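Me: I'm new to this structure and don't want the grand tour yet. Pick one part, take a close look at it, and then show me how it ties in with the rest.

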Amino acid sequence: MTHISVNVDGTTYEDDVEPRLLLVHYLRDRLGLTGTPIGCDTSNCGACTVDLDGASVKSCSVLAVQADGGRVTTVQGLAQDGEWTALQRAFHERHALQCGYCTPGMLMAARDLLRENPQPTSDEVRQALEGNLCRCTGYQNIVRAVLAASGQEAGQEVGQEVTA
């Protein structure tokens with residue numbers, strides 16, 4: 001067993017874990033944070049994406065011991081005082097989900113994109129989300145939601161005119 005200390009969604013946890021325990025299993029099974037789904041266990045789908053020390057990571061490809069001393073934000077830690085972020089509101093308002101299974105990973109990857117590039121083009125949104133799979137093919141609305149969260153209306157990127 002290895003002792004770890006990790007801050008998850010603003011709360012610090014101290015635990016003894018098996019060195020081979022994946023971060024996704026630590027979050028779900030030890031901490032009860034089931035908002036981070038297990039999609040594929042192979043890092044192909046991106047459903048388990050979380051923020052680790054300021055970067056998006058697929059938590060099925062990170063060991064819990066690698067998060068020792070770190071700060072993890074899950075989809076459950078996005079809302080502050082019960083208030084959704086602009087990104088969460090945009091996903092809701094633009095119907096950027098169908099079954100919802102990919103939504104946590106999409107939100108976390110989009111959050112990372114907007115932190116790095118506050119006014120992305122639709123092509124940049126697509127490129128940033130290419131490691132996240134939506135099995136319901138809701139990509140168009142997801143892209144629209146990310147653009148809306150960046151302050152751009154769907155179909156209107158910085159420097160573009162709105163077309164009817």
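**A loop and the helices around it**

Reply: H95 lies in the loop between α2 and α3, where the helices (H or I, at least four residues) and strands (E, at least two) are DSSP runs numbered from the N terminus. Before we go on, this is a predicted model, in which local features need pLDDT of at least 70, side-chain atom pairs count only at pLDDT 80 or more, and totals for chains, interfaces and linings use all residues. Residues are numbered from 1 along each chain as its sequence is written, and side-chain values use heavy atoms, leaving out hydrogens and water.

Back to that loop. H95 isn't a glycine, yet its phi is positive, near 55 degrees. What about the surface? With a relative accessibility of 58%, H95 counts as exposed (buried is under 20% relative accessible area, exposed is over 50%, and partly exposed is in between, with a 1.4 Å probe and protein chains only).

Now look at the helices on either side of the loop, starting with α2. Helix α2 covers residues 86-93 and helix α5 covers residues 139-149; their axes come within 8 Å and cross at roughly 140 degrees. That's why α2 is described as oblique to α5: under 35 degrees counts as roughly parallel, over 145 as roughly antiparallel, 65 to 115 as roughly perpendicular, and the rest as oblique. (Axes are lines fitted to C-alpha atoms, for helices over the stretch in contact, and angles run from 0 to 180 degrees between N-to-C directions.) On the α2 side of this meeting you'll find A86, L87, A90 and F91, and on the α5 side I142, A145, V146, A148 and A149; contact here means heavy atoms within 4.5 Å.

Next comes α3, on the other side of the loop. α3 also packs on α5, with the two axes 11 Å apart and an angle of about 40 degrees. α3 and α5 are therefore oblique to each other as well. From α3, M106, A110, L113 and L114 make the contact, and from α5 the residues are Y139, I142, V146 and A149.

If you compare the two contacts, I142 and V146 of α5 turn up both against α2 and against α3. They're also on the list of buried residues in α5, which is I142, V143, A145, V146, L147 and A148. What covers those buried residues? The cover includes α2, α3 (103-116) and α4 (122-128). Just after α5 comes G151, whose phi is positive, near 90 degrees.

So how does this part tie in with the rest? Follow α3: it lies across β3, β4 and β5, running at about 40 degrees to β3. These strands belong to an open sheet of five strands, in the order β2-β1-β5-β3-β4, with mixed pairing; two strands pair if DSSP finds at least two bridges between them. β2 and β4 stand at the edges with a single partner strand each, so each has one side without a neighbour in the sheet. From one strand to the next, the twist averages 40 degrees.

Zoom in on β3 (residues 49-52). T49 and D51 point one way, V50 and L52 point the other way, and all are buried. In a regular strand, side chains do alternate between the two faces of the sheet. β3 runs antiparallel to β4 (residues 55-58), and four bridges join them. D51 has S56 in β4 as its bridge partner. The two strands make a hairpin with two residues between them, and D53 in that turn has a positive phi of about 50 degrees. β3 also pairs with β5 (residues 71-73), again in the antiparallel sense, over two bridges, and there L52 stands opposite V72.

Another helix, α1 (residues 23-30), lies across β1, β2, β3 and β5, at about 105 degrees to β2. β1 and β2 run antiparallel and are joined by seven bridges, with N7 opposite T12 in β2.

One last stop gives you something to set beside H95. D9 sits in the loop between β1 (2-8) and β2 (11-17). D9 isn't a glycine either, and its phi is positive at about 55 degrees. D9 counts as partly exposed, at 26% relative accessibility, whereas H95 counts as exposed.
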